[in-house]
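Here are a few exercises on strand pairing and sheet layout. Have a look at the model, then work through them in turn.

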Amino acid sequence: RLSIGCQSFDNSILKLLGRIHSVDDIYNSYKAARSAGFMNINLDLIFSVPGQNMQMLQNDLDKITSLNPEHISLYSLIWEENTPFHSMMTSGTLSPSDESLESEMYQHIIEYLTSKGYIHYEISNFCKPGYESRHNNIYWQNKNYTGVGLGASGYLQNMRYKNYEDFTLYFDSLDKNELPVMEKEFLTPKDTLEYEFILGLRLLETGIDLKKIEKYYDNCEVYLKIAENLIETGFLLPRNGNI
């Protein structure tokens, strides 16, 4: 699978986001990928950008679906600390979108893409039947994976880790025959159980297998009780033994 970070089909938004590509570059890259033989392509979009309205969002949705990719990922803009965007927000140069507008955008995205035949299988991800992201499903199912490269994250046995983001530190570690790990988190059984819920609830088609939880985890009753309360209040949906 090839993933292309479009972010928007509006050159003004791309400029605001600090992207170095143009809308024409998106089309050219997509065409080149298809010509090269890629049969499974994901396209990324960002929404709830400052100044973006529903009409601009619809333009992005029309353009991205016209390309007919197998998979689409959509993320609302996150104002991360220690980034130029966050600095512009704190200085008042930029303001986040209204939360009600962001909610309206997200609901519209779901309705529009599902009407076009895409399955909303995960909070931020849509696909044609059979094209769910395999590697992301591993994350959401709380399975192990190896992170290799600058800034990569991994999860092995009960340890979550992140590699150095700095090029020199990363390769100095390799030269010393050491793993280039910047930070580690060793999970307790309670942590692992919580991850099962936190990650599993992102999967909208399958969710969490309650029988698996009861079989593999001790002291899970408190979490199952919380889940029952959320089912009763309508926030969770029981289906075929899953939630």
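**Exercise 1.** Which residue in S7 is the bridge partner of Ser153?

*Solution.* Before you start, note that this is a predicted model, where local features need pLDDT of at least 70, side-chain atom pairs count only at pLDDT 80 or more, and totals for chains, interfaces and linings use all residues. Residues are numbered from 1 along each chain as its sequence is written, and side-chain values use heavy atoms, with hydrogens and water left out.

Step one: find the strands (DSSP runs of E, at least two residues, numbered from the N terminus, as are helices, H or I, at least four). S6 and S7 (residues 159-163) pair in the antiparallel sense over 4 bridges; pairing takes at least two DSSP bridges between two strands. Step two: read across from Ser153, and you land on Lys162.

**Exercise 2.** Work out the order of the sheet that holds S6, and its edges.

*Solution.* The order is S6-S7-S8, an open, antiparallel sheet of 3 strands. S6 (153-156) and S8 (181-186) each have a single partner strand, so one side of each lacks a neighbour in the sheet.

**Exercise 3.** Now do likewise for the sheet of 5 strands.

*Solution.* Start with the order: S1-S2-S3-S5-S4, open, with mixed pairing. The edges go to S1 (2-7) and S4 (119-122), each with a single partner strand, so each has one side without a neighbour in the sheet. Finish at S4: S4 pairs with S5 (125-127) in the antiparallel sense over 3 bridges, and Glu122 sits opposite Asn125 in S5.
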